[in-house]
Amino acid sequence: MVSERKKKSENTKAVNVSRSDMMVLFIAIAVIVGFVFFGALLLEGANSNMKFHPRISNFGDGWTFFAEGERKVKDLPIEVSSDENGEVVMRKVLPQGIPKYYVVVCRNYHQNLEVRIDGELRYKYPYEERNPFVNIITDDWHMIELNPTDSRKIMEIKFIKNGRTELNAEISEILYGEDNYLLQYLRREYIWLFSIGVGIIVAGIVLIIIGWVYRKYTKHSAQGAMGSVLLCFGIWLADRAKMPIFSINMDVKFLMAYVALLQVPMFIFVYCTVRFDGKWSRYSLWGAWISLGVSLSILLTSIMGGYSLETMTTVSYVASLIAMIYTAVLLYRVAFGKESIFKNSTELLINRIEFFATAVLPIGIILEISLYGNQLWTEIGPLYRIFIVLYTISYIVTVFIGSYREMQDREGLIERLHDSQLELMMGQIQPHFVFNTLSSIRTLIKIEPETAYSMIYDFSNYLRANVDNLTNMEGIDFAAEVEHIKSYVNIEKVRFGDRLNVEYDIKVSDFTVPPLSIQPLVENAIKHGVVKKIQGGTVWLKSYEEGEYKVVEVMDDGVGFDEAAMKAIFSVDDDKEDDLGFESAESTANALQEIMDASTLMDADGNIIELKGRISGDLKGYGTKEHKSTGMRNISLRLKEMANAKMEITSQVGKGTRIRVFFN
């Protein structure tokens, strides 16, 4: 009855969490809709500003263009290309009666810019000859100041190739009006584009913070890299919005947007490195190094000498496309591959949303290249912005749903860690162990009082250590764990006599281990290893440093594990699995999976037996009841969650077993 009520309670909790997930999703959607509605209001307000503002006017009609060997009178916007001299020249007569503080505002497109009025050089960009460290031409707004005496004079605007890119773009608008009002108008006009970039920057920073705060947990370690991707996208989009933040003619931008965009592939590959395992992680690491090398080489070329803006942009787009397609393929394997059948429904939903969101970005890049290929280095098409925003929204939603769900289940995991500690302690002080120990003490009191005295001391220390560790979730010194092990071993030596030999080789002890994590391994080596041999055997307990790790090794020359026993260790007990929450069940399965993947099993002749299968699926319920034990599950969960430790098992039938635990 108690078990049934507990299962019912767990099922009720699962339903409540699912409803909470839906509530979080609805709130996120509401926020997104509100953001879009607010942006639409800003856009509508910006479009209506100039229509009713008497001090600003569109100055884009009636321009005479001299390019490609022809003279044309056109209204803006217009697509133009540089002539054989790399120039585009446009002229227009200024209005009659120019008020004080009136200006003309225009953009350049990564070219040098010269403005003359009746042949007099009035404005030049760049303002002076640049040294190699700032040898970069920006793409921004420029304000040309006018005088009342300039009325009816001819203004000439000349775009001049700077050796980096031809002018092959759409000249969108040129404005005329009072300087302060024009500045305010441009800010309002481009605020929505700028806000998209800022919003994505904020989303990236949030993800970086989440990745840093939850860096201990594998599921969150990739969020920092993906946050860096969005941060780069946001910097790029905010810069390409061309909204003047402080004033016009502030020459403070120097291609950082493109430098940021070049980092996107690297951070995507870093994300894949920590998000996926095996060969995919190795390939991703190679991709990250290649992307970093390309980024640094282009950055140094840009600063120290000439650069090709077309090449930079093309490399950025193509590299991002490759990285995103690569990520989408890996996410498809996770969301729809063989492993997906073992996933919890909520986790599977999150994986599939992430896949579809990631698959959108390559489509956006392909459409951008197809539709706006000749303007990639001067403009960003609306489709690309939309796809990036959709991706950001989808990814943030999955992160918050997953984080909220894990916050709910983290309590269950902590409870499970407490339960595992209790199970381990109760497993060590089972009634027959206590009775056997007390019976041995009673016998020894008469025939060997000194041995009985020592055994009582060891038994009391053993019990005290178990009770003290019952509520300890912070870890203990390895030296204290060794003393606990020695007390246990001394008791068992009295029981098994010459059949049990234990040797210690402790070279390092100044590190922390979860309580009751090493002692059960020694106990298993004694009970399931050496004492099953008629002649008995030896157990070795060692500790040493290996690279960056402190290693604890428990080895015996006992009977070893056969295939059935080994698989039973890693199998999931059907009855026990129902008592675990989503997070604790998956954490346990992942911890056991890592151990199994790092373990080696050999037959009596030394031939390796392959241990294949997924912990949560293929090995579920495997093995006889005799082999089943919660001990390894509890130890693996505690080592992983409390110490982020790694464990590997090597066992040969009839030869013995070696277990190594690696602590950072």
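1. Starting with a proline: P126 sits in the loop that runs between β8 (120-125) and β9. The peptide bond from Y125 to P126 is cis, with omega at about 0 degrees. Keep in mind throughout that this is a predicted model, so what follows describes computed coordinates.

2. There is another cis bond to look at. L76 and P77 are joined by a cis peptide with omega of about 5 degrees. P77 belongs to the loop between β3 (70-74) and β4 (78-81).

3. Next, confidence. The chain averages a pLDDT of 77, and 73% of its residues reach 70 or more. One stretch below 50 covers residues 41-52, and the model gives that stretch 13 contacts beyond near neighbours in sequence. Residues 573-584 also fall below 50, with 28 contacts in the model beyond near neighbours in sequence.

4. Two backbone angles come up if you scan phi. D118, in the loop between β7 (112-117) and β8, has a phi near 50 degrees, which is positive in a residue other than glycine. Y101 is a non-glycine residue with positive phi too, here near 70 degrees.

5. Staying with Y101: what does this residue touch once neighbours within four places in sequence are set aside? The contacts are with G177, E178 and D179. Y101 itself is in the loop between β5 (87-93) and β6 (102-107). In sequence, Y101 and N180 are 79 residues apart, yet their C-alpha atoms are 8.6 Å apart in space.

6. Now the four-stranded sheet. This open sheet of 4 strands is ordered β1-β12-β6-β9, and its pairing is antiparallel. β1 (56-58) and β9 (141-145) are the edge strands; each has a single partner, so one side of each lacks a neighbour in the sheet. From one strand to the next, the twist averages 25 degrees. Between the antiparallel strands β6 and β9 there are 5 bridges, and V104 stands opposite I144 in β9.

7. Helix α2 packs on that sheet, touching β1, β6, β9 and β12 (175-178). The direction of α2 makes about 125 degrees with that of β12.

8. Helix α2 also has a helical partner. How far apart are the axes of α2 and α3 where these helices pack? The separation is 7 Å, for α2 (residues 179-213) against α3 (residues 223-240), at an angle of about 160 degrees. The pair therefore counts as roughly antiparallel, angles over 145 degrees being classed that way. The crossing of α2 past α3 is left-handed. By class, the α2-α3 contact has 18 nonpolar and 8 polar residues, with no charged ones.

9. Further along the chain, there is an open sheet of 7 strands with mixed pairing, in the order β14-β16-β17-β21-β20-β18-β19. Which strands stand at its edges? Those are β14 (500-506) and β19 (608-609); each has a single partner strand, so one side of each has no neighbour in the sheet. Within the sheet, β17 (residues 549-556) pairs with β21 (residues 656-663) in the antiparallel sense over 7 bridges. One bridge to check by eye is D556 with its partner T657 in β21.

10. Two helices lie across strands of the seven-stranded sheet. Helix α11 (residues 478-496) lies across β14, β16 (537-546) and β17, at about 165 degrees to β14. Helix α12 (residues 519-527) lies across β14, β16, β17, β20 (646-652) and β21, and runs at about 20 degrees to β17.

11. These helices also meet each other. The axes of α11 and α12 come within 9 Å and cross at roughly 20 degrees. That makes α11 and α12 roughly parallel, since angles under 35 degrees are classed that way. The crossing of α11 past α12 is right-handed. On the α11 side the contact is made by E481, H484, I485, Y488, V489, E492 and F496, and on the α12 side by Q519, V522, E523, I526 and K527. Sorted by class, the residues of this contact are 6 nonpolar, 2 polar and 4 charged. Set beside that, the α2-α3 contact has no charged residues.

Methods:
Residues are numbered from 1 along each chain as its sequence is written. This is a predicted model: local features need pLDDT of at least 70, side-chain atom pairs count only at pLDDT 80 or more; totals for chains, interfaces and linings use all residues. Side-chain values use heavy atoms; hydrogens and water are left out. Axes are lines fitted to C-alpha atoms, for helices over the stretch in contact, and angles run from 0 to 180 degrees between N-to-C directions. Angles under 35 degrees count as roughly parallel, over 145 as roughly antiparallel, 65 to 115 as roughly perpendicular and the rest as oblique. A crossing is left-handed if the near helix is turned anticlockwise from the far one by less than a right angle, and right-handed if clockwise. Ala, Val, Leu, Ile, Met, Phe, Trp, Tyr, Cys and Pro count as nonpolar, Asp, Glu, Lys and Arg as charged, and the others, Gly among them, as polar. Two strands pair if DSSP finds at least two bridges between them. Contact means heavy atoms within 4.5 Å. pLDDT is the predictor's confidence in each residue, from 0 to 100.
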